[in-house]
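Thanks, everyone. Two topics today: aromatic pairs, then the ligand pocket. Let me put the structure up.

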Amino acid sequence: MLDFVYDGSFNGLLTAIYEIYYRRQVPQQLLSSPGQTPKLFVREERIITDETKAGKVYEAIDTKISSRSLRHIYYAYLSEHMEAGIWIYHYLHLGWKLGNKLDLLLSDERVHRIHRLSQKVSMERHRLLGLLRFQLLRGNIYYAALEPDHNVVELLAPHFAARMAGQNWVIHDVSRDLAAVFNRKEWVATDFTLQHRLELLKEEEYYQQLWQEYYNSMAISSRINPRLQKRCMPQRYWKHLVELS
Amino acid sequence: MEILKKLKILADSAKYDVSCSSSGSKRTNQPGGLGNSASSGICHTWTADGRCISLLKILQSNNCVYNCSYCVNRVSNDLPRATLTPDELCELTINFYRRNYIEGLFLSTAIYSSPDHTMEMLLQTVKKLREEHNFHGYIHLKAIPGADNLLIEAAGKYVDRMSVNIELPSERGLRLLAPQKKREAIIKPMTFLTSNIAARKAERRKSRKAPSFVPAGQTTQLIVGATPDPDLQILKLSENMYKRFGLKRVYYSAYVPVSHHPHLPDISSPPLLREHRIYQADWLLRFYGFQADELLNEKNPNFTEDYDPKTDWALRNLDYFPVEINRADYEKLLRVPGIGVKSARKILTARRMHSLDFDDLKRIGITMKRAQYFITCKGKYSGQTAMEEHLLRPRLTLSPPKTAGPEQPSLFSFSSDVIAPEDAFSSVTGEI
Ligand code: SF4
């Protein structure tokens, strides 16, 4: 049996899909990094990312299937689900036959599971548009830390680039050591780790305190319902919320 | 007084207004400016009672000259009082917004002097925000009954949404509990807003450059359970508001006992289940094509605890069913208990490819728990019982919540099926 291993990038994944057709060889898995433990009966084959090959697959999806499917694929990829790679391949394989009707076939597992992953990612993106918290740092930079389930930083950046257009900001995915950095003109995605502990300005502490005070005053005591609260806002997001830490 | 203290007092006084939505407006940022608004609305956090915070909901002042007996801010209530200046409010809004705590501002106020004077202060605040602070986030502003139309019109140019709260569903309730308020004084600004919004919308259709006026429309709030008015009365009123006044939303707020008064009900906790049922019914009016008369009537003027309004309707109208999944149109699908807007759309999409059987429905994610009794797939019926009311009733009762008391919203067990995301996330209602 055979697994393909690509470098974790989206282009890497598309290259791997290109190779499947080119070599006429369907692997068991498409992995974004080598397996942790060596497997007895599985051979791992490394795929070297190739922009031209990736570009061809990208184009083909866009023109032969639809831009909507392309978006589903990208979102499913960002989910970082273990099997996302091979699921995307099977979804596409069906897509070459169905063309732009692919996303209508909701009752097919190959379509359904991609939609499910894509939906999870866009759900988390939407949540974090609200749950992200910036802190004002020395040097006039607004800094936000997050630890999302999926790799959504790039999906968040355009929203904040439009909204907080006059601020320098950093949106930092602490668990993936990634960030989107914005300089009031454009944003870039980059590897990122914090060099120092954050030093909060007095002004920042003041507004955090105001917000906490406000937040606590808003709950109506005769309606308290922590279960409902947790269902709307899962506890794993609380760590980076000023009002709850 | 320091800001921290004022903020606490004025947030405390504002929290009983339940609307917090930031949807319906698409405002783009301007060069050098701050903020925009997403048309679907965004929730920023949830309080310990599970309500979403989207906007900085606050009163400019909680000093009131009125004495509405259901309200914490009434003049006879002994309560700390505070007033924020327009500048203080701007600072708060801008700094909260920059940190992404909020989508914008929901500014309301007690009537602290004449209605005109009160409205003028609100106007000053929103004007400052837009013009001096170049702020383009969402603003929801209260229109003060009794204030000059010119002031309301001026404010309407700056804000996304305006509302006048009706609060009490009947004139009689108003007379008993808020004798200083007159029905006409409440209706007047609403009518004014309705006609202006419509007129400006028409202008905007002709020219994009025409100034916007309350683009996210008008809303109102009704208190549930402060007066003996039945659900039917409330729902009829809402229906009227949607049809005649073109309101975007009617919000319902379970009466929170804040004072004792001979005319107020003597309850220990807010009627949350009732509020919830009315929200469900409101949803049916707005998105499912139901009329208030179909859901309730003089003989049954109140919703039951055991069934959601749609299931209740279905049980009384079994001759409408079963609905054939492969042929029924959208409106008909929406009448099936358990099939919501999102599910109905999915069915329409999926059956373009091939006709659907029960397994297909499951695979596309339709929950069959309630729907199975009301549908056929390719002519087959799969409910394990004959379609008769006395057989179906026991199977469709909502099982009582296990851990909570009868009015604890573990009942709010809805799928996260979405109409507007923020509504789903705030989970005041859902697919039914
Ligand atoms: S006018 Fe408004 S703030 Fe004043 S008592 Fe009545 S409801 Fe409360």
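Start with B:Phe321. Its relative accessibility is 6%, and the cut-off for buried is under 20%, so B:Phe321 counts as buried. Keep in mind that this is a predicted model.

B:Phe374 is buried too, at 0% relative accessibility. These two rings, B:Phe321 and B:Phe374, make an aromatic pair. The centres are 5.0 Å apart and the planes stand at 65°, which is edge-to-face.

Where do B:Phe321 and B:Phe374 sit in the chain? B:Phe321 is in the loop between α10 (309–316) and β9 (323–324) of chain B. B:Phe374 is in the loop between α14 (368–371) and β10 (375–377) of chain B. That is 53 residues apart, so the pair links distant parts of the chain.

Both rings also belong to one aromatic cluster, together with B:Phe290, B:Trp313 and B:Tyr320.

Now the wider count. Over all chains there are 22 aromatic pairs. One of them is in chain A: A:Phe10 with A:Tyr74. Centre to centre, that is 4.9 Å. The planes are at 70°, and over 60 counts as edge-to-face, so this pair gets that label.

A:Phe10 belongs to helix α1 (residues 10–23) of chain A, and A:Tyr74 to helix α3 (residues 67–78) of chain A. The two lie 64 residues apart in sequence, so the contact ties those parts together. Buried or exposed? A:Phe10 is buried, with a relative accessible area of 13%. A:Tyr74 comes out at 22%, which makes it partly exposed.

On to the ligand. Which space does the ligand take? It takes the second largest pocket. The volume of that pocket is about 760 Å³.

The lining has 40 residues. Nearest the centre are B:Tyr70, B:Cys71, B:Asn165, B:Glu167 and B:Lys181. Several elements of chain B give two or more residues to the lining, among them α1 (3–14), α6 (183–206) and β8 (249–254). The largest share is from β3(B), with three residues. By class, the lining splits into 24 nonpolar, nine polar and seven charged residues.

What about the shell around the ligand itself? The residues there include B:Cys64, B:Cys68 and B:Cys71. B:Tyr66, B:Ala110 and B:Ile111 are there as well. Add B:Asn73, B:Arg74 and B:Lys181, and the list is done. That gives six nonpolar, one polar and two charged residues.

That's it from me. Over to you.

Definitions and conventions:
Residues are numbered from 1 along each chain as its sequence is written. Chains are lettered from A and ligands numbered from 1 in the order in which they are written. This is a predicted model: local features need pLDDT of at least 70, side-chain atom pairs count only at pLDDT 80 or more; totals for chains, interfaces and linings use all residues. Side-chain values use heavy atoms; hydrogens and water are left out. A residue is near a molecule or strand if one of its heavy atoms lies within 4 Å of it. On a 1 Å grid over the protein atoms alone, a cavity is a set of points where a 1.4 Å probe fits but cannot get out, and a pocket is an open set with protein on both sides within 12 Å along at least five of seven lines; lining residues have an atom within 4 Å of a point. A molecule sits in a cavity or pocket if more than half of its atoms lie within 2 Å of its grid points. Ala, Val, Leu, Ile, Met, Phe, Trp, Tyr, Cys and Pro count as nonpolar, Asp, Glu, Lys and Arg as charged, and the others, Gly among them, as polar. Grid points are joined across faces, edges and corners, and a volume is the space filled by probe spheres set on the points. Helices (H or I, at least four residues) and strands (E, at least two) are DSSP runs, numbered from the N terminus. Rings of Phe, Tyr and Trp (its six-membered ring) pair if their centres lie within 6.5 Å; planes under 30 degrees apart count as stacked, over 60 as edge-to-face and the rest as tilted. Buried means under 20% relative accessible area, exposed over 50%, partly exposed in between (1.4 Å probe, protein chains only).
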